[in-house]
Amino acid sequence: MRIAVLSETDSAEPRVAAVPETVKKFKSLGADVVVQSGAGQRAGILDSEYEAAGAGIAGSAADAARDADLVLKVRRPSAEELPQLKRGATVIAIMDPYGNEEALRAMAEAGVDGFAMELMPRITRAQVMDVLSSQANLAGYRAVVDGAAEYGRAMPMMMTAAGTVPAARVFVMGVGVAGLQAIATARRLGAVVTATDVRPATKEQVESLGAKFVAVEDDEFKQAETAGGYAKEMSAEYQKKQAELVKGHIAKQDIVITTALIPGRPAPKLVSEEMVASMKPGSVLVDLAVERGGNVAGAKAGEVVTNDRGVKIVGHVNVPGRLAATSSSLYARNLYAFVETLIDKESKALAINWDDELVKATNLTRDGAVVHASFQPKTDGAASEAASVGLAKSEANKASGTATPAGAQ
């Protein structure tokens, strides 16, 4: 069995799908591993480190992918890469399938069996494969670091001979994986932290990290979660009351971090222009959903926008990739854990059990067709939409509380 690890063609993607640690593990399973030269460079991994782990180095993507049974990537193969893959090859990556049905059809026509790591079901045996959580954790951490870097004042309270410096006030909107890590990081930096979410169960999590929970806690809020743990849609009356509470709270904050992403849909708008305008000069908003339209009015993907009041809106893309070495290491471990379940230990070859629940949940293309129920051509509009919405809800609750994705992710 030959495994190919390709460089990422997107200039905004510095992560890599395998690290020396996982190369050694693949070798122990009997696989030959070939890494495209320079694949790990932007994540701080040299070709020589891959060679020391037992991998071969190929000069190009075509050379690396030639005769490869399994191709590992961070992002979905590009149109230029697909012809380089042999028909019947298995490709595993973060596929970003929502809204990219044409790209999925191209993969199917290329004859590759594609698996989307971000569709991994949230069950006990798959926890170690959960790329959304591993990457969202880092995004939440980095969001606070980026916010602190843009904020022109100190984060913790400081008592000096020249006077006392007050602690920064940080507000986290969306208490999932990214949000919880943002809360913990901001607390470690000494900030006064508050957070909000529509799910009552998150209140205890917020408070366990030493932050204060902000929500209109009426009878409707107390019943705002289904038996399956999903957030219910709130009434217009409740949404209005919550918006008023948040509006007043944001005006007092120094740093606001938003984490709301729902797969397959535009990011929900959480912070209006009026709310942004109410913030103090020098305050900062970090929008982790900017690549999907943003939670914050005025956010722009890939930019740090400063309004006429001096309020900054941070819209960095691929936030986990801003910690490329760490995010690559975690992603590579997620990948290895999944791939290990696809390999027969005796024959040391790929032996995919197409009835396995992990395979069913993540398999997008097979035998020249798009096979995932949520992305097939819509013959029954209502049924197809229901399937897509159901999956979106599952992913939303998994990823961030949002309601993350990732990158959040």
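**Exercise 1. The surroundings of Ser-60**

Determine whether Ser-60 is buried, partly exposed or exposed.

*Solution.* The relative accessible area of Ser-60 is 26%. Under 20% a residue is buried, over 50% it is exposed, and in between it is partly exposed, as computed with a 1.4 Å probe on protein chains only. Ser-60 is therefore partly exposed. The model is predicted, with local features requiring pLDDT of at least 70 and side-chain atom pairs pLDDT 80 or more, whereas totals for chains, interfaces and linings use all residues. Residues are numbered from 1 along each chain as its sequence is written, and side-chain values use heavy atoms, without hydrogens and water.

Next, locate the residue: Ser-60 belongs to the loop that links strand E3 (56-58) with helix H3 (61-65). Helices (H or I, at least four residues) and strands (E, at least two) are DSSP runs, numbered from the N terminus. Finally, consider a residue remote in sequence: Gln-36 is 24 residues from Ser-60 along the chain, and the C-alpha atoms of the two are separated by 5.8 Å.

**Exercise 2. Positive phi outside glycine**

Give the phi values of Asp-67 and Lys-348, and then the location and exposure of each residue.

*Solution.* Begin with Asp-67, which is not a glycine and yet has a positive phi of about 65 degrees. Asp-67 lies in the loop between H3 and E4. With a relative accessible area of 53%, Asp-67 is exposed.

Turn to Lys-348, another residue other than glycine, whose phi is positive and near 55 degrees. The loop between strand E16 (343-344) and strand E17 (349-350) contains Lys-348. A relative accessible area of 36% makes Lys-348 partly exposed.

**Exercise 3. The environment of strand E5**

Which strands pair with E5 (residues 90-94) over four bridges, and how many residues of E5 are buried?

*Solution.* Two strands pair if DSSP finds at least two bridges between them. Strand E4 (residues 70-75) pairs with E5 in the parallel sense over four bridges. In this pairing, Leu-72 has Ile-92 of E5 as its bridge partner. Strand E6 (residues 113-116) also runs parallel to E5 and is joined to it by four bridges. Here Ile-92 is matched with Phe-115 of E6.

Now examine the side chains: Thr-90, Ile-92 and Ile-94 point one way, while Val-91 and Ala-93 point the other way, and all are buried. Since five of the five residues are buried, E5 is largely enclosed by the rest of the structure.

**Exercise 4. A seven-stranded sheet**

State the strand order of the open sheet of seven strands, and explain why one side of E11 and of E14 is left without a neighbour in the sheet.

*Solution.* The order is E11-E10-E9-E12-E13-E15-E14, and the pairing is mixed. E11 (212-213) and E14 (304-306) stand at the edges with a single partner strand each, so one side of each has no neighbour in the sheet.

Within the sheet, strand E12 (residues 255-258) and strand E13 (residues 284-287) run parallel and are joined by four bridges. Thr-258 has Asp-287 of E13 as its bridge partner. Helix H9 (residues 236-250) lies across strand E9 (169-173), strand E10 (192-196) and E12, at about 150 degrees to E9. Such angles run from 0 to 180 degrees between N-to-C directions, and axes are lines fitted to C-alpha atoms, for helices over the stretch in contact.

**Exercise 5. Packing of H1 against H11**

Describe how H1 and H11 pack, and what Thr-22 touches.

*Solution.* The axes of H1 and helix H11 (residues 324-340) are 9 Å apart, at an angle of about 15 degrees. H1 and H11 are therefore roughly parallel. Angles under 35 degrees count as roughly parallel, over 145 as roughly antiparallel, 65 to 115 as roughly perpendicular and the rest as oblique.

From H1, the residues Glu-21, Thr-22, Lys-25 and Phe-26 meet Ala-332, Arg-333, Tyr-336 and Val-339 of H11. By class, this contact of H1 with H11 has four nonpolar, one polar and three charged residues. Ala, Val, Leu, Ile, Met, Phe, Trp, Tyr, Cys and Pro count as nonpolar, Asp, Glu, Lys and Arg as charged, and the others, Gly among them, as polar.

Thr-22 is part of helix H1 (residues 20-28). Residues up to four places away in sequence are not counted, and Thr-22 then touches Ala-332, Arg-333 and Tyr-336; contact means heavy atoms within 4.5 Å. Thr-22 counts as buried, at 0% relative accessibility.
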